[in-house]
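Student: Please take a close look at one part of this model for me. I want to see how the two chains meet, and what frames that meeting.

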Amino acid sequence: MIGASFLYFFLPIFSALYLISPKPVKSRLVLVTGAGLICFADPMGLIAMAVCILSGYLFGVFIYNFRDKSVSKLLLVLEVMINSAVLLLFHRTAYDGSDLLAVLGHRLLLKSAVNVGAAVMPLHSIGYCVDVYRKRYRCEHRFIKVAEYISFFPVFAAGPILRYDKISPQLEERKTDISGIASGIRLIMLGMFKKLFISDTMLELWDDVGGVQISSLPALSAWIGILAFAFFVYFEVSAFSNIGCGIAAIMGFKLPRSFREPYRSHSFSDFCRKFNSTLYRWCKDYIYRSIKHRGSHGISEFFAILLTVLAACMWYGTSLRSVVFAAAMVFMLSIEKLLEKPLKKLPKIVRTLLFVVLLLTILPFMAFSDILDALGYIRAMYGGNQIAADVTSEYLISAYFLFVALCMLISGGVFGYVFKKKMFNNEYLQTIIQPVWVIALLIFCTAFLVSGNESLYRYMF
Amino acid sequence: MKKFSDAITVAAFFAILIMFAVSTVFFQDDLPFERLFSKDVNVGQAVSEYVSDSFPMRKNWRSIYTNIMVFSGRRRFGDSFLAGDRLVKLDKKNGNSKVIENVAHINELAANTESPIYMMLAPTAAGVYSADVPEFFADKTQRERINDAYLQLDRRIASIDAFYPLYSARDEYVYYRTENLWTSFGAYYAYSESTKKLGLQAVTLDNYDQEFAEAGFYGSMYDSAMVSRIVPDRINIFRSKYQSPVTEVDMFDGSGAKQAESVYFRSALKSSKKTDIFLQGDKYLKTDIYTDLDNDSELLLIKGSFANTIVPFYTAHYSRITMVDPKKLKEADLTLSDVADINEYDQILVMYDIESFSYADCLDTLK
């Protein structure tokens with residue numbers, strides 16, 4: 001969902017059709033558009049859409065009808081298995097271009113590395129059925145409403161993951177007004193800016209560092225590289241999340257924020273809560289709480305954490321690297337739990353710095369498909385190659401300093417601070433600044449969309 | 001007041017979107033709409049490419065993009081790199097190099113002929129200006145790659161070192177700033193060096209009049225990086241102070257032949273590829289150049305793109321020069337023996353730039 005065709009054709013045409021459609025048609029339009037987008041990307045994705053919607057709707061009704069019988073549990077297991085299969089088979093990351101079949105050494109199921117919503121629809125479908133099973137709410141008998149929730153296309157790319165009980169009132173009552181549309185436009189432009197200007201550049205920086213043999217990589221270059229990778233992952237996912245929220249805002253929906261300055265976290269558990277928080281809450285509610293029995297600690301809790309973190313990491317791509325990174329995360333979370341008391345005594349800034357250094361240390365496990373490469377990279381970061389810096393490091397600093405500094409400022413929450421403190425609180429000034437800012441970003445993003453190096457547009461999702 | 005601001009934002013945003021969308025579809029007539037359906041890619045990709053290629057004011061957008069990038073410190077634009085005041089095309093990295101296979105094809109060619117055979121692998125600007133390009137953009141230096149290729153050549157094949165003369169003259173205008181080719185000056189230095197091996201007496205520069213055929217052109221690399229500080233290129237051609245020896249130029253493509261009387265084609269200056277002024281660039285499969293020299297010396301030139309600029313200098317030494325482009329042979333499903341008898345020639349020269357040679361998959365046509 002990025003490109004000149006999306007911005008200049010899809011967005012105005014869809015917005016116009018949506019806004020002029022009568023209320024009953026809007027849901028169908030969203031459904032048809034979602035199917036159209038999937039078909040446009042890869043028609044095979046329609047299978048995933050159909051399976052998620054039908055299983056979600058039918059199992060939801062069946063589970064509700066058999067709510068007090070043991071068969072409902074069996075139905076829920078079936079629903080989870082079917083949707084997990086869809087997630088594993090259809091969700092693939094373009095970062096290493098793998099899906100489950102590719103990992104097993106077979107042909108890829110989807111032709112191209114495109115987003116067909118397979119990262120989101122199974123989660124919606126499972127979440128809905130589990131909640132019906134837990135009697136959190138009654139099942140919905142209107143097929144269109146369930147189908148629209150499960151295949152809500154604005155969140156196809158990178159969420160946020162929606163909860164049926166939260167989105168249901170908005171599906172009933174869509175409030176489209178000018179301020180919602182304006183805020184949607186601002187979010188879309190912010191997302192595009194993040195993707196085109198920051199995320200793509202960070203990926204290019206990472207590629208540049210990847211061009212140096214690990215055995216001769218200077219420590220400074222290694223740190224710059226892994227920092228770039230960390231920013232790339234964050235800005236890539238949050239950019240698509242922003243764009244999704246923006247489209248939804250134009251449609252009159254207010255979606256939850258998924259990212260709350262995760263690199264300012266002071267611990268790994270804090271990071272899990274702040275990085276893609278809607279996914280975190282989904283995993284916590286439907287995986288962690290299903291495994292961990294009330295009041296139990298120790299082994300049961302450890303396995304619950306292990307599986308939850310593994311599932312969350314696998315969401316970013318079905319590959320061995322996700323499994324290894326999940327293991328490293330669980331190790332860090334365990335150490336953190338053991339040292340909880342002494343760590344709490346440290347000042348927050350020290351804890352944040354410690355967290356960032358440790359996160360960057362384990363991040364090579366996510367960045368490399370080969371564990372030995374990852375270990376070699378970590379060795380280089382800590383001076384194992386006996387080179388602190390060289391001309392490569394100088395080039396990386398001179399070419400990317402501005403981008404890395406901008407990433408640090410954004411991740412460090414400087415812009416958030418400025419908005420929170422209402423430093424530009426003058427109403428007249430805001431009236432002028434807001435449209436100018438949006439148009440400036442539009443020009444900026446158009447220049448990148450039309451001229452950018454297309455080979456760089458490697459989507460994470 | 002907030003509502004007013006929001007209304008302006010929405011109105012201005014969608015007005016701009018619609019304006020450019022309408023212009024893309026209805027007012028950019030150089031790209032036919034049918035292209036969407038003629039591509040062998042999925043519809044989504046075809047639509048994205050169509051919109052991107054036919055977007056209004058593409059050059060201006062590109063200029064904004066590259067200038068923002070340069071301002072922020074970036075110097076790499078895809079495979080082009082801003083090295084000082086010029087763009088250089090970066091060498092392919094981790095590519096599937098075919099040097100060994102291609103050298104084997106040249107060795108096989110040498111084994112099938114009695115004529116003396118020579119090989120010149122020229123460096124590109126990325127090789128000569130490697131000091132301005134960070135090391136990690138290349139697996140090996142071009143100097144090393146050329147030497148490696150030469151070491152594998154059959155002893156019958158004489159190698160010609162073009163690297164050293166070009167490297168020594170790197171402060172002069174030996175490569176275009178915006179095109180991945182050498183200039184007439186660069187070609188002249190390589191020509192001078194080659195004459196030592198070919199047994200010729202190089203014609204000195206004072207025997208030529210220099211003509212500026214084009215004073216302000218931007219080459220193909222500039223399309224991907226429109227950096228405003230880059231000075232436009234100029235195309236110089238060297239005309240003999242005495243009468244040109246060239247009497248006839250016969251050019252053959254797959255379908256027919258064309259004739260001309262000069263190795264310079266001024267009509268190319270009106271096209272987008274102005275460097276085609278030299279023998280129409282890489283347009284033809286085979287080109288025969290006849291001169292009024294009566295020494296009966298004939299040269300067969302197996303050529304890559306770099307050869308077009310150097311050939312005008314060789315016309316002072318041979319009565320006939322035949323240029324054959326293996327890439328075009330491959331496209332036409334022909335082999336060298338279908339278009340030329342290698343034993344007819346007094347000398348055979350294989351001339352490529354090292355980067356094209358490393359990845360050429362057409363030299364199996366040299367049979």
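Tutor: The domain assignment splits chain B into domain 1 (1-56) and domain 2 (86-365). In this predicted model, the C-alpha centres of domain 1 of chain B and domain 2 of chain B sit 42 Å apart.

Now the place where the chains meet. Here 44 residues of chain A contact 44 residues of chain B. On the chain A side, the elements giving two or more residues are helix 1 (4-20), helix 2 (23-41), helix 9 (178-210), helix 19 (391-411) and helix 21 (427-451) of chain A. Helix 21 of chain A gives the largest share, 13 residues. By class, the side of chain A that touches chain B has 27 nonpolar residues, 15 polar ones and two charged ones.

Next, the chain behind that surface. Chain A has 21 helices and zero strands. It has 461 residues, and 50% of them count as buried. Take the contacts in chain A with a separation of 6 or more: 77% of them join residues 24 or more positions apart.

How far can the coordinates be read? The average pLDDT of chain A is 82, and 89% of its residues score at least 70. The tail is another matter. Over residues 455-461 of chain A, pLDDT stays under 50. The model still has 21 contacts beyond four places in sequence for residues 455-461 of chain A. Where pLDDT is low, predicted coordinates should not be read in detail.

How values were computed
Residues are numbered from 1 along each chain as its sequence is written. Chains are lettered from A and ligands numbered from 1 in the order in which they are written. This is a predicted model: local features need pLDDT of at least 70, side-chain atom pairs count only at pLDDT 80 or more; totals for chains, interfaces and linings use all residues. Two residues are in contact if their C-beta atoms, placed from the backbone, lie within 7 Å. Helices (H or I, at least four residues) and strands (E, at least two) are DSSP runs, numbered from the N terminus. Ala, Val, Leu, Ile, Met, Phe, Trp, Tyr, Cys and Pro count as nonpolar, Asp, Glu, Lys and Arg as charged, and the others, Gly among them, as polar. Domain bounds come from an automatic or database domain assignment. A residue is buried if 20 or more other C-beta atoms lie within 10 Å of its own, exposed if 12 or fewer, and partly exposed in between; C-beta atoms are placed from the backbone. pLDDT is the predictor's confidence in each residue, from 0 to 100.
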